[in-house]
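Student: I would like a close look at a single part of this model, taken slowly and in connected form.
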Amino acid sequence: MNDTRVLKALLAGVEREDHFGGQIYISQNGKVIMNNSFGFCDQERNVPFGKENLMLWRSAGKPLTAVAVASLVSSNILSFEDILPVFFPELEGTDWSGIKVSHLLTHTAGLLNADKLSESLSWDDMIERIIRSPVDPDWVPGEKAGYHIAGTWYLLAELCNRLTKTSSYSDWIRRELLIPLGLTNTYIGIPKSKWSDCFSKKVSPLYITSTKSPTQHPYLDGEPSCTGCRPGGNTRGTAEDLGHFYEWTLGFHEPLSHLQPYISDMTQPKRRLGMFDLTFKHKMDWGMGFMVNSNRYGLETVPYGFGRYASGQAYGHGGAQCSSGFADPKHGLVVAWIVNGMPGEIRHQRRVREINEAAYIDLGITGE
């Protein structure tokens, strides 16, 4: 395994101190090619990484919430084209009145102001503050694109809460989606009852490595962050679970098979092709909750892509400066990796391209 190009790329990142260690999972046609941990959990390089360490996926967990919403559509209690005031009466008559569920999932709702709120707010306060946030000026839902980091994902989770009459999105999605899919080591907010000395030690620290002297992130690894529910950004789990999820989207696992037609549709472009994303400052195509391959708009510049050898069918989602997970239906390929260093966007985008392209090269896939 040490001779593979992808593992060499990951270890080169350790040498550069982009990260200190992490996990990688690769499969093809449902067969596991690589399920490795490498490097160290800590900056001092005393604690070797294990495959069971819980790592922060950040935004790579957004597709889980998208699939949770799809499960409600499949139950005929929701439509992607429903407008939000149907479920949030407090929005009736506001400038939100034309925003649809599909706009939230395609990042075309125009609610970038809702991403400016502190994620330390309680759940109820967060929902109230998001709903009071104004739609961006001169924004017609569906006509502009701007990646929504956090706010709209709270709304999607709250939508699930209201329609299923549950008070804990963390518990509901784990019971209804994560456990059935076999993602037993994945949490969107670790239950406080599990935050024992033993369990908390499974959480891998995340380091800011963009500075001359790397430091552990001051907030993301603490109990409040780990046990809070932030649907857009604090999924924690293993690379194996992330890979298993994408295998499921390709149909290699049977649970919840009734959702497969929705996944096939959600992973196709769902907003106007070539829309300029005001957050990423780049043309990008999106499905509903999933990034879709946007290499056509700049192979070396598209952010959080899947590498030069990914087919046009590839889809997935990256996590801010720490993770990447995607599936390539043409090649039956799944790649998932998570690392414990945030080296800044420029270094991270180089890392994304190097690692994802190396996975294709190792398998002899070097073209469409």
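How many bridges join strand β5 to β14, and do these strands run parallel or antiparallel?

Tutor: This is a predicted model, and in it two bridges join strand β5, residues 207-208, to β14, the two strands running parallel. One of the residue pairs concerned is that of I208, whose bridge partner in β14 is M342. The two strands belong to an open sheet of three strands, in which the order is β6-β5-β14 and the pairing is mixed. Because β6 (215-216) and β14 (341-342) each have a single partner strand, they stand at the edges, and one side of each is left without a neighbour in the sheet.

Elsewhere in the model, a helix pair can be described in a similar way. The axes of helix α2 (residues 62-74) and helix α5 (residues 151-164) come within 10 Å and cross at roughly 35°, and the crossing is left-handed. On the α2 side the contact is made by K62, T65, A66, A68, V69 and L72, which meet W153, L156, C160, L163 and T164 of α5. Sorted by character, the residues of this contact comprise eight nonpolar, two polar and one charged.

Turning to enclosed space, the model has three cavities of 30 Å³ or more, and the largest cavity holds about 50 Å³. Its lining is formed by N295, L299, V302, Y304, G305, G307, R308, Q349, V352, R353 and E357, a group that divides into four nonpolar, four polar and three charged residues.

Technical notes: Residues are numbered from 1 along each chain as its sequence is written. This is a predicted model: local features need pLDDT of at least 70, side-chain atom pairs count only at pLDDT 80 or more; totals for chains, interfaces and linings use all residues. Side-chain values use heavy atoms; hydrogens and water are left out. On a 1 Å grid over the protein atoms alone, a cavity is a set of points where a 1.4 Å probe fits but cannot get out, and a pocket is an open set with protein on both sides within 12 Å along at least five of seven lines; lining residues have an atom within 4 Å of a point. Grid points are joined across faces, edges and corners, and a volume is the space filled by probe spheres set on the points. Ala, Val, Leu, Ile, Met, Phe, Trp, Tyr, Cys and Pro count as nonpolar, Asp, Glu, Lys and Arg as charged, and the others, Gly among them, as polar. Axes are lines fitted to C-alpha atoms, for helices over the stretch in contact, and angles run from 0 to 180 degrees between N-to-C directions. Helices (H or I, at least four residues) and strands (E, at least two) are DSSP runs, numbered from the N terminus. A crossing is left-handed if the near helix is turned anticlockwise from the far one by less than a right angle, and right-handed if clockwise. Contact means heavy atoms within 4.5 Å. Two strands pair if DSSP finds at least two bridges between them.
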